[in-house]
Amino acid sequence: MSRPTLRVLVVAPDADTASFAERVLSDHGDTASVADGVPDALSLLSRETFDVAVVSLSLPRGDGLALVHHLRALHPGVDVIVMAQPAEIEESAHAMALGVLASVVLPLSGDGLMVPVDRARERRVLIAERERLRIEGEESRRRSATYARCAAFVAETDAAAVASRVLDACVAEVGATGGAVYLASPAGDRLFRASAVGEESFPDRLEAAEIESIDPAEVVRRSPGRVRVALVGEASLAAVVDLAVEGEAPLDDGPEGALRVVAALGTAAFAAARKVEAIARTGIKDPETSAYTFAYFGDVAGREIDRAARHGRRFTLLTVGLDVLSDATGGRAPDELIELRRSVTDAILVSVRDSDVVARVEDDELYVLLPETGLLGALAARHRVLENLRAVAGVGGADPAVGIAVYPADGADLGRLLRVSRRRAERSRRGVWRRLGLSRCSFWDAVDRLLGGEDDAGLGRDGTVALHADLRAAHDDSALARHAAFPAALVPRVAATVASDAVSHALAGSLYVAGDSALASAVARVVDAVDRPALRAWALGPRPGTTEAAARIHLAVDDPRLEERTLVLSLTELGGYALLARPLGEGTLLAYHSSDLDLVDGLVRAVRATYHLQPEVR
């Protein structure tokens, strides 16, 4: 922010002081106006606007203090600085009680004058900044409210529903007393009313002449008692919203900007709805594969959401992405790509149940709907899908990316579930498990890869951990997997918390611990507190724990490595968590902890394969 120039009124006790003050202020870039006395000052105040007034308390008959009273009462926006002789202590105190900015001792000096003037300048900068932040905050809140209203239609795939909700959003933005939304006919020569609200009368259609009068560059147009919003796509008019409003004044920037946002998102929603309708007209099956079309998939998913909401059930959505199925990969003839897509779809269909639905969305993306399936069932289905896809000729080592979203934990509508599953598929593509190639390692090779050896990490005096580059490569961009120096005494509390979360939510799953005798006792106490817990907890190792409770969850495994490393592996319907640790210093562990679902699921499957453990089925 630039340095503001101040307009200063100077009422000095004598001409020399006035001239000095005027010269100092002018040298600093400010504008000074000198008043010969109080009457002249009042005259200047009535004609001009000042930021600061420098008033002498040494004026005759107490006029200086009287002028201060006048300024504080009638010009509260003017910062007042008083000049006083050292003997005028009482007058200075009175002036300070009135709320003046500062008191300057006469005779006047340049620094003595400019220090309080600069304080006044800084105060005005802060006031201006506060006002700017207030305006920005109001605009941000208004824009957030606009996007919240738009959320009602951006995920809709039915044009009539989009039209109704776009109208509701426009009415709410400007406080309209009524409104109507018109959709274009197939020929585009007329606009038919699709929805209306309020008691105002709107025509059933807009004829061609009125459509031609709409300026595509003028999204929002105000006329007496009306506001028109044009939703214009790339090549055609998608819809028009007419609103009845009170008053004749033009719209403020806030409401007009909000209408522009609604128009832009509404246009995109109408375009998406038309695409869905076009897909639906082609049938329910993709012509190239045996998968369903997205339109049919969306209809089935919508019905499944309704059933799940009514009966308190779950279902899971999988997003399967394979870059080799895209034309952009090159190197394949169209017939080869079609055959590859058909083989991929067949492999996925073999992996799921008859009640599951597989749909093709894009060339390189498919969706799988798993009714009445939670996270653990979805993980099992994902492994079947991945195993069968790897056997398809042409897929080879192009490890598919599969994302999972569970209703209702990850979203209560199809749009949200699709976004979550696609985001997780992308995260899986970049995740540690895939990036480090841990799926090709045995369990202990994976653990050693993540924890390293004694020379790969060191503990500094300030508690920080220095890591070798190989260990830093195991960190996740989303902070889902990190190394840390961990107090050994804290590990049993972490394991107990993980167990408690699953037990308190009555969630099925498995929890494996090893390496610390206190781990088994801590977990066993949590599990024993519940009658027939859904969580199955096991303490792996050659020797049982030191308590009866620990002995009850002990699973005898004759492997000394289970005592040399500390393990906490949890995979439940709530999600996954892994903590791998080895000694780093006295009472301190080098811990690698992660909530990356791919990593945790991979480690759990690896430890089961190593020690021939079976997944818990409840």
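1. Let's start with the hairpin: β22 is joined to β23 through two residues. This is a predicted model, so read everything below as a description of that prediction. The two strands, β22 (residues 566–572) and β23 (residues 575–585), run antiparallel and are held together by seven bridges. If you want a spot to check the register, look at L569, which stands opposite A578 in β23.

2. β22 has a second partner to look at. Strand β19 (residues 509–514) pairs with β22 over six bridges, again in the antiparallel sense. Here V513 has V568 of β22 as its bridge partner.

3. How many of the residues of β22 are buried? Seven of the seven are, so the strand is largely enclosed by the rest of the structure. In a regular strand, side chains alternate between the two faces of the sheet. In β22, T566, V568, S570 and T572 point one way, while L567, L569 and L571 point the other way, and all of them are buried.

4. While you are in this part of the chain, have a look at S521. This residue sits in helix α17 (residues 517–528) and has a relative accessible area of 8%, under the 20% cut-off, so S521 counts as buried. Which residues does S521 touch, once its neighbours within four places in sequence are left aside? The contacts are T546, T547 and A550. The C-alpha atoms of S521 and A550 are 4.7 Å apart in space, although the two residues are 29 apart in sequence.

5. Now over to the open sheet. Five strands, paired in parallel, follow the order β2-β1-β3-β4-β5. The edges are taken by β2 (31–35) and β5 (102–105); each has a single partner strand, so one side of each is left without a neighbour in the sheet. On average, neighbouring strands here are turned by 20° against each other, direction ignored.

6. At the β2 edge, the pairing with strand β1 (residues 7–11) is parallel and consists of five bridges. Within it, V10 is matched with V34 in β2.

7. L6 is worth a click too. You'll find L6 in the segment before β1, and at 1% relative accessibility this residue counts as buried. Beyond its neighbours within four places in sequence, L6 is in contact with D30, T31, D51, V52, V117, R121 and R124. For a sense of the spread of the chain, the C-alpha atoms of L6 and D455 are separated by 65 Å, with their positions 449 residues apart along the chain.

8. Helix α5 (residues 110–154) lies across β3 (52–56), β4 (79–84) and β5. Its direction is at about 170° to that of β4.

9. How do α1 and α5 pack, and at what angle? Helix α1 (residues 15–27) meets α5 at about 60°, and the axes are 10 Å apart. The pair is therefore oblique, and α1 passes α5 in a right-handed crossing. On the α1 side, the contact is made by F20, A21, V24 and L25; on the α5 side, by G110, L113, M114 and V117. Sorted by type, the contact residues come out as seven nonpolar, one polar and no charged. V117 turns up again here, having already appeared among the contacts of L6.

Key: Residues are numbered from 1 along each chain as its sequence is written. This is a predicted model: local features need pLDDT of at least 70, side-chain atom pairs count only at pLDDT 80 or more; totals for chains, interfaces and linings use all residues. Side-chain values use heavy atoms; hydrogens and water are left out. Axes are lines fitted to C-alpha atoms, for helices over the stretch in contact, and angles run from 0 to 180 degrees between N-to-C directions. Helices (H or I, at least four residues) and strands (E, at least two) are DSSP runs, numbered from the N terminus. Angles under 35 degrees count as roughly parallel, over 145 as roughly antiparallel, 65 to 115 as roughly perpendicular and the rest as oblique. A crossing is left-handed if the near helix is turned anticlockwise from the far one by less than a right angle, and right-handed if clockwise. Contact means heavy atoms within 4.5 Å. Ala, Val, Leu, Ile, Met, Phe, Trp, Tyr, Cys and Pro count as nonpolar, Asp, Glu, Lys and Arg as charged, and the others, Gly among them, as polar. Two strands pair if DSSP finds at least two bridges between them. Buried means under 20% relative accessible area, exposed over 50%, partly exposed in between (1.4 Å probe, protein chains only).
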